[in-house]
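This report describes a protein chain for a reader who has its sequence and model at hand. It begins with the chain as a whole and then turns to its sheets and to individual residues.

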Amino acid sequence: MKVYVNYEDGRWRKYKIDFERIANAAAVKCAPGAEVSIILTNDQKIQQLNREYRNLDKPTNVLSFELGDDVLLGDIYVSLDTVLREAADENISVEDHAAHMVVHGVLHLQGYDHIKNRDANKMEKMETKILQSLGIKNPYAPDSCTYSDSYPWWKGILLCFGMVALGIVAALGFAPFNMWWATLIAVAAVYKLMVRGGRVGIWRAFFRVFPFSAVYAVAMFWWVTNSIYVVPELAAQFAVWTVPALIGIGIVGGIVFAIPFVVAARICTFPACRPFLFAGTWTFVLWLREWLFTGFPWNPIANIALPVPMISNSMSLWGALGLTFVITGLIAAAVELFGRWRDKFCWIAFSVFVVLFGCGVAYGMHNIKISQQVQHQSPVVRIVQPAQSQSQKMSQSRADAVQQANNNVIRLIELAAAPGNPDVIVFPETSYPFVVVDGDDMPMAAALQKTIMIGASSYSNQKLYNSMVIAGADGVIKHIYSKSHLVPFGEYRPFGDIIPTPGQLTPGNGAEIIKFGDFSFVPAICYEIIFSDSLVPRGAMPDAIINITNDTWFGDTPGTYQHLDMVRRYAIESGVPIVRANYSGISAFVAADGTVVQQIPVAQQGYLDGVVYGAHATPYRILGRDWTMVIILLISCMCTFALSTAYKRK
């Protein structure tokens, strides 16, 4: 067979490949005197052809154009850029992979195809036989790129069950289990499963990883449905929404957590570049979770580092965003390096993340040190944890509602009046059972003869708020802070009356600084504390954050422990200690380095007296969440571009 080779891209010439010999080896059904043209090109040209003739606006490795003539078989276009990427990805030589593409193209010109599984298997066997005759190993062996869509059904089922199991394992890295190594192993395994087969279609990649991401989300967030069953009267109305809620968590979480893996599998670029794309995408998705659809940035993967203070304190340098980027990047870079020890660029990528990790640890140790310095000590603060059930707090009967509310106030006063001499007493969210309206006093403060901060519903200008009420020892209300970041489906209706919601509250005005003598603090109600860079006004330097919350709705589920971890994360990021009063969850004093200094366990009634100190401005708080994200994206893009260029020049 006559073979005409056209070097459209001159870079091909440095590879000493005998295209005539390869094409003739693949000429298994050619007529005597047959001719074929091989055009050696690049991604730009082949993408143009792919768009024009196949309506696919993307580059590919090889395109064959059959002329329908026994002698003039047709043209084969091979892109050097894609061959380089795929060869590096599979750790094979450019020469061997180019030979495979030529054999693949010549077989197409002879009528072979891989649209149907039966035809694909036949074509793959023929390719393997021809390549073996040329001394080239089987390209369809494990960990090699595959060019057919054949995938045995039983392998698909096994993969699905494996992904489900890995989704459960990945969730074990978070509180209360704190098996950080389980999350690392699970994410690494999923990453390997997603990228080992080379570039695949978007939908195929999505459905491959969806079982993992959906189960991962449900395993982390199932506890939110516990709130439906805390009060019998509410359970009777909302129990029907349990299964739809879990399905919704699975679908939304399945989409969100699948995105980084789909990007890695779909782009299938050079192996040293993929970790930066994967980590950058994962971090960008976390950033989106801060505000998209009111936001729910719960359990950033950075939180698995909280059991190791010198690692978790790197969040003071670059926040949960930066630590998430480093952890996910290290996972991906380690997977790429495993089995590619000879690829110097994979070593470079791994080294970049190791250096970032080291810098974070070094600054984390510095942050621990300065968080322990006592420069300004707060007044003595008493935290009160009533530890009553939600049923004890609520009453649906008008006859006993007032009596039960009065009894609750008496119990709170008795608990807060324990021996000691605190300067201020902090009660949890929704502790005060009456609605506070304009002009009201706070009789609890007068009874205790102490300044108190207490969670209550407040009513002003015909609007209802979830508030923190600050009253002096004389009972006069000094200030009311109202929660600005409300819980969807719990405190307001995001979709109107389509899905019923227990309450319809009004958001407050946002972050503010409140003074108590020489002591200044930032108030935070409930899950406002989980939103990075959201509480402390820009340029302000408070002495503490006072967080009042009510985890009674979630009982002794993982959510209660994870909520405390989100508080610890915020303390590290901001460099501000946190006083946390919980109704029946975990009340605690949290230092600026995330250390839990004192705590009251779940469902245990009691009080804590303590002081806070060590507040300081962290680099992350100075820079801010959004600029941190910009820097991470720049690092990701620059490293990807630099390594891609290096691969092409290789």
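## Overall composition

Helices (H or I, at least four residues) and strands (E, at least two) are DSSP runs, numbered from the N terminus. By this definition, the protein chain contains 20 helices and 17 strands. The model is predicted: local features need pLDDT of at least 70, side-chain atom pairs count only at pLDDT 80 or more, and totals for chains, interfaces and linings use all residues. Residues are numbered from 1 along each chain as its sequence is written, and side-chain values use heavy atoms, with hydrogens and water left out.

The C-alpha atoms of the protein chain fill a box of roughly 105 × 55 × 40 Å along the principal axes. A residue is called buried under 20% relative accessible area, exposed over 50%, and partly exposed in between (1.4 Å probe, protein chains only). Of the 650 residues, 54% count as buried. Contact means heavy atoms within 4.5 Å. Among contacts with a separation of 6 or more, 68% come from residues 24 or more positions apart.

## The sheet of four strands

Strands of a sheet pair through backbone hydrogen bonds, either parallel or antiparallel. In this report, two strands pair if DSSP finds at least two bridges between them. One open sheet has four strands in the order 1-2-4-3, with mixed pairing. Strand 1 and strand 3 (62-66) are its edge strands, each pairing on one side only. Neighbouring strands of this sheet are turned by 15° against each other on average, direction ignored. Angles run from 0 to 180 degrees between N-to-C directions, and axes are lines fitted to C-alpha atoms, for helices over the stretch in contact.

Helix 2 (residues 43-54) packs on this sheet, where it touches strand 2, strand 3 and strand 4, and its direction makes about 50° with that of strand 3. Helix 4 (residues 94-109) lies across strand 2, strand 3 and strand 4 and runs at about 25° to strand 3. Strand 1 (residues 2-7) and strand 2 run parallel and are joined by six bridges; Tyr7 stands opposite Leu40 of strand 2. In strand 2 (residues 35-41), five of the seven residues are buried. Strand 3 and strand 4 (residues 72-79) are antiparallel, with five bridges, and Ser64 faces Ile76 in strand 4.

## The sheet of six strands

Another open sheet has six strands in the order 11-12-13-14-15-16, also with mixed pairing. Strand 11 (514-516) and strand 16 (596-600) stand at the edges with a single partner strand each, so one side of each has no neighbour in the sheet. The twist averages 20° from one strand to the next.

Strand 15 (residues 587-590) and strand 16 run antiparallel and are joined by four bridges. Phe589 stands opposite Gln598 in strand 16. Helix 18 (residues 558-574) lies across strand 13 (544-549), strand 14 (578-582), strand 15 and strand 16, and runs at about 160° to strand 14.

## Two residues in helices

Thr628 belongs to helix 20 (residues 625-649). Thr628 counts as buried because its relative accessibility is 5%. Apart from neighbours within four places in sequence, Thr628 is in contact with Trp318, Leu321, Tyr620 and Leu623.

Tyr363 is found in helix 14 (residues 344-371). Its relative accessibility is 22%, so Tyr363 counts as partly exposed. Leaving aside neighbours within four places in sequence, Tyr363 is in contact with Ser316, Leu317 and Pro619.
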